[in-house]
Amino acid sequence: MEEQLNNQPKEPVNQVESVKVENSSPEQAAPQNSAPQAEAQPVELPEVDNRPPRPFLYRYRGVILGILAVIALVCPAGDLDIVPFLIFVNIFIISVYLRVKARCCIGEHTRGSSQDAPVLVTWGAYGRMRHPLYVSNMAIGVSLIVLHFGLSPFVIPFVAILFAVGFRLAKLDDRYLEMRYGDEWKLWAMHTPAFIPREIHVPGPRRSGKEAILADMATWVSLALMVGLVLFRKVDFLIWA
């Protein structure tokens, strides 16, 4: 048997080599290019802000209110009566408390040229009214105006301008949120007044009062400066009166 195996005719060497060449893949048979291939480099495009631009009043609300405050301080101060002072103190405390409660529910301020609201906040202070920040701002403004002018006729035009700006800003916010959130905003607005708080508590995520105050530090510094200027003008008026 071993002899039969050893005596089997062998295939020619060149025939075996031809079979190996035929069985090789085209990639192996083709000559390889030794030149290095250029790697595609990723192109970094500049980021595009697709958020809608804020209206003029929204973008320059701080400047407009600042000009209004300067004009009020230039006007002569009124007498320091006990009634205006008590009105100022009570309105000021309530408005500051409302602002802190509102800032516990929302994120950081966006003071750029674009408007954004990644989450529709409908809990906490925003479960009682749609615009607690604007209400607090207008209340703080009224308290400062009453402290500076007393109960003089100068109060009327300044309060009217302040309310007109606040109501218009609130309207712009409503329009933007309705465009972005549609039926979700409409359902919230249907059951939540714009400026008058309702007696209902809506639970939701919020941060502590300390965190809200620290996040709004720029506003508190500006407010402290404004109060200081009003008091300085009041003292100056009493000295020279």
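Start by selecting D174, L177, E178 and Y181 in helix α9, then add D183, E184, W185, K186 and W188 in helix α10: these two sets meet each other. What you have open is a predicted model. Colour this contact by class and you should find 4 nonpolar, no polar and 5 charged residues.

Now show both helices whole. Helix α10 covers residues 183-191, and its axis comes within 6 Å of the axis of α9, crossing at roughly 130°. That angle is why α9 counts as oblique to α10. Click on G182, just after α9: this glycine takes a positive phi of about 60°.

Next, stay with α9 by itself. How many residues does α9 have, and how far does it reach? It has 27 residues and spans 38 Å from its first C-alpha to its last, close to the 39 Å expected at 1.5 Å a residue.

Time to bring in a neighbour. Select helix α8, residues 132-149, which packs against α9 at an angle of about 170°, with the axes 10 Å apart. Angles over 145 degrees count as roughly antiparallel, so α8 is roughly antiparallel to α9. To see who touches whom, pick Y134, M138, G141, V142, I145 and F149 on the α8 side. Their partners in α9 include V155, F158, V159, L162 and F163, and further along the list G166, F167, L169, A170 and D173. What is the make-up of this contact by class? It has 13 nonpolar, 2 polar and 1 charged residues.

Now swap α8 for helix α5, residues 61-74. This one packs with α9 (residues 155-181) at about 175°, and the axes are 11 Å apart. So α5 is roughly antiparallel to α9. Select R61, L65, L68, I71 and A72 in α5, together with F158, I161, L162, V165 and L169 in α9, to light up the contact. Here the count is 9 nonpolar, no polar and 1 charged.

While you're there, keep F158 selected. This residue of α9 is part of the contact with α5, and it also takes part in the contact with α8. L162 is likewise in the α5 contact and in the α8 contact.

For the last stop, leave the helix pairs and look for a pocket. Select I94, Y97, L98, K101, G124, A125, R128, M129, V135, P197, H201 and R206, which line the second largest pocket. Its volume is about 280 Å³. Which elements give two or more residues to the lining? They are α6 (82-103) and α7 (125-128), and α6 supplies the largest share, 4 residues. Colour the lining by class to finish: 7 nonpolar, 2 polar and 3 charged residues.

Note on methods: Residues are numbered from 1 along each chain as its sequence is written. This is a predicted model: local features need pLDDT of at least 70, side-chain atom pairs count only at pLDDT 80 or more; totals for chains, interfaces and linings use all residues. Side-chain values use heavy atoms; hydrogens and water are left out. Axes are lines fitted to C-alpha atoms, for helices over the stretch in contact, and angles run from 0 to 180 degrees between N-to-C directions. Angles under 35 degrees count as roughly parallel, over 145 as roughly antiparallel, 65 to 115 as roughly perpendicular and the rest as oblique. Contact means heavy atoms within 4.5 Å. Ala, Val, Leu, Ile, Met, Phe, Trp, Tyr, Cys and Pro count as nonpolar, Asp, Glu, Lys and Arg as charged, and the others, Gly among them, as polar. On a 1 Å grid over the protein atoms alone, a cavity is a set of points where a 1.4 Å probe fits but cannot get out, and a pocket is an open set with protein on both sides within 12 Å along at least five of seven lines; lining residues have an atom within 4 Å of a point. Grid points are joined across faces, edges and corners, and a volume is the space filled by probe spheres set on the points. The expected span of a helix is 1.5 Å times one less than its number of residues.
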